[in-house]
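Hi,

Here is the model I promised to pass on. Have a look first, and my notes follow underneath.

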Amino acid sequence: MTYEEAVIYLNETARFAKKNEPEHIKYLLERLGSPQRNLRCVHVAGTNGKGSVCAFIEAFLQEKGWTTGVFSSPHLVSVNERIRLNGRDISDDAFADACGKVKKIVKEDMAEGGNHPSFFECLFLMAMLVFHREMPDCCIIETGMGGRYDATNVLEPEISVITSISMDHMEFLGNTIEDIAAHKAGIIKPGKRVLCAEQRPEVME
């Protein structure tokens, strides 16, 4: 698969594929060899400031001499921006290679009755392959929407970070700030650290 073919495939995917349950994303990862298993991750959710927080953490860790991987969205110019290694977008060749591997297992899964992953989910699967190959000291992973049912919530991060929460994606996350906060809080893992921005009392509750 060439880079151009990978971009066309992903853009076509965006037109028809729908969001999957995290369990299905975990199953697809297993078919890829569970590349996420040994990654050290920081997981970031929230309404406002996710991208900035990811960039701050990335810069801080690099200043301390750590190697980093970042998965974030959206992109501004090139879709490669969504997967970064040490502050740089991954190469076209790396992007195409990861996309080809994901497309192969998706095709096999669909032949068995599985659902096609969404544009975001395909890119997340690709990011896990890229990060597994490079094994950066820390991977900084931004949720797509919400948290509890987001594709990225298959991870077991060392730290979960929740930025400012306000009303967003109400058609999916609920009509109250408490409902939305519950979705964001879904990235919290038992026994793991959580960093949370100052929030309204009902959100903190």
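To start with the surface, the protein chain has an accessible area of about 10,500 Å² (Shrake-Rupley method, 1.4 Å probe), and 51% of that area belongs to carbon and sulfur atoms. Please keep in mind that this is a predicted model, where local features need pLDDT of at least 70, side-chain atom pairs count only at pLDDT 80 or more, and totals for chains, interfaces and linings use all residues. Residues are numbered from 1 along each chain as its sequence is written, and side-chain values use heavy atoms, with hydrogens and water left out.

Now the fold. There are eight helices and seven strands in the protein chain (DSSP runs: H or I of at least four residues for helices, E of at least two for strands). Its radius of gyration, taken over C-alpha atoms, is 17 Å, close to the 17 Å that the globule rule (2.2 Å times the number of residues to the power 0.38) gives for 205 residues, so the chain is as compact as a globular protein of that length. The C-alpha trace spans about 50 × 40 × 35 Å along its principal axes. Of the 205 residues, 50% are buried, meaning under 20% relative accessible area with a 1.4 Å probe and protein chains only.

And the cysteines? The whole structure has zero disulfides (pairs of cysteine sulfur atoms within 2.5 Å). For Cys41, the closest cysteine sulfur is in Cys139 at 4.8 Å, too far for a bond; Cys41 is also buried, at 2% relative accessibility. The sulfur of Cys138 lies 6.6 Å from its closest cysteine sulfur, in Cys139, again too far for a bond, and Cys138 counts as buried at 5%.

Best wishes
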